[in-house]
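Reader: I am new to this structure and would like a close look at a single part of it, the sheets and the loop that leads between them. Could you take me through that part slowly, residue by residue where it helps?

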Amino acid sequence: MRLTILTIIALLSTCINAIDYKGIIVDDLTKQPIAYSSILALESSLGTITNEEGEFTMQSNSEQIRVICSSLGFVADTFELNSASTYHHLSLKATTIDLNTVDITTETYPRSLILKAIEKI
């Protein structure tokens, strides 16, 4: 019973001391919000994602946290969040990935293609 009470008190003190970090992640060029970006605190296991409007909320007991933000099509970046700021504006730079060309060919005679397919059955 005593252990349960101590556990509850510890959990409550953690919640009371928690600092809310709020903000938005936008495209560096267009300034448009980036939906569903990942945000991970580097010194802990805390993490969250942005909503459809690119906004996020994260709680921590630290006065300052370092986070890494990433999203598909953007370069991941690290940011310092501090409790002095009530709303954090973070931006990611867009990136592209060049893919190799894929050539799709077929035989010119449909009859031979059909016969090969029948042989495999």
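**The two sheets and the loop between strands 1 and 2**

Author: Of the contacts in the chain with a separation of 6 or more, 47% are between residues 24 or more positions apart. The model is a predicted one, and its secondary structure comes to two helices and seven strands, arranged from the N terminus on as α-β-β-β-β-β-β-β-α. The chain has 121 residues, of which 21% are buried, and its accessible surface comes to about 9,300 Å², with 59% of that belonging to carbon and sulfur atoms.

Let us begin with the sheet of four strands. It is an open sheet whose strands stand in the order 3-2-5-6, with antiparallel pairing. Strand 3, residues 47-49, and strand 6 are at its edges, where each has a single partner strand, so one side of each is left without a neighbour in the sheet. Direction ignored, neighbouring strands of this sheet are turned against each other by 25 degrees on average.

Going across this sheet in its order, strand 3 and strand 2 pair in the antiparallel sense over three bridges, and a pair to look for here is Leu40 with its bridge partner Gly47 in strand 3. Strand 2, which covers residues 38-41, is in turn joined to strand 5 by four bridges, and these two strands also run antiparallel. On that side Ser38 has Ser70 of strand 5 as its bridge partner. Strand 5 then pairs with strand 6, residues 77-82, over six bridges, again in the antiparallel sense, and Ile68 finds its bridge partner in Thr78 of strand 6. Strands 5 and 6 together form a hairpin with six residues between them, and in its turn Gly73 has a positive phi of about 90 degrees.

Strand 5, residues 64-70, repays a second look, since it has two faces: Ile65, Val67 and Cys69 make up the covered one, whereas Gln64, Arg66, Ile68 and Ser70 make up the uncovered one. Two residues of that uncovered face, Ile68 and Ser70, have already appeared above, Ile68 as the partner of Thr78 and Ser70 as the partner of Ser38.

Now to the loop between strand 1 and strand 2, where Lys31 lies. Most residues other than glycine have a negative phi. Against that background, Lys31 has a positive phi, near 65 degrees, and Tyr36, which is not a glycine either, has a positive phi of about 60 degrees. Tyr36, too, has its place in the loop between strand 1 and strand 2.

Ser37 belongs to this loop as well. Is Ser37 buried or exposed? Its relative accessibility is 0%, and the cut-off for buried is under 20%, so Ser37 counts as buried. Which residues does Ser37 contact, once its neighbours within four places in sequence are left aside? They are Ile25, Thr48, Ile49, Thr50, Ser70 and Ser71. Of these, Ser70 is the residue that bridges to Ser38, while Ile25 leads us to strand 1, which spans residues 19-27.

Strand 1 takes us to the other sheet, an open one of three strands in the order 4-1-7, with mixed pairing. Strand 4, residues 55-60, and strand 7, residues 88-92, stand at its edges with a single partner strand each, so one side of each is left without a neighbour in the sheet. From one strand to the next, the twist averages 35 degrees. Strand 1 and strand 4 run antiparallel and are joined by six bridges, and Ile24 has Glu55 in strand 4 as its bridge partner.

On the other edge, His88 is found in strand 7. His88 counts as buried because its relative accessibility is 7%. Apart from residues up to four places away in sequence, His88 touches Tyr21, Lys22, Gly23, Ile24, Leu81 and Asn82. Ile24, then, is touched by His88 and has a bridge partner in strand 4. Leu81 and Asn82 are contacts of His88 too, and they bring us back to strand 6, which ends at residue 82.

Technical notes: Residues are numbered from 1 along each chain as its sequence is written. This is a predicted model: local features need pLDDT of at least 70, side-chain atom pairs count only at pLDDT 80 or more; totals for chains, interfaces and linings use all residues. Side-chain values use heavy atoms; hydrogens and water are left out. Buried means under 20% relative accessible area, exposed over 50%, partly exposed in between (1.4 Å probe, protein chains only). Contact means heavy atoms within 4.5 Å. Accessible areas come from the Shrake-Rupley method with a 1.4 Å probe; for residues, only the protein chains shown count as cover. Two strands pair if DSSP finds at least two bridges between them. Axes are lines fitted to C-alpha atoms, for helices over the stretch in contact, and angles run from 0 to 180 degrees between N-to-C directions.
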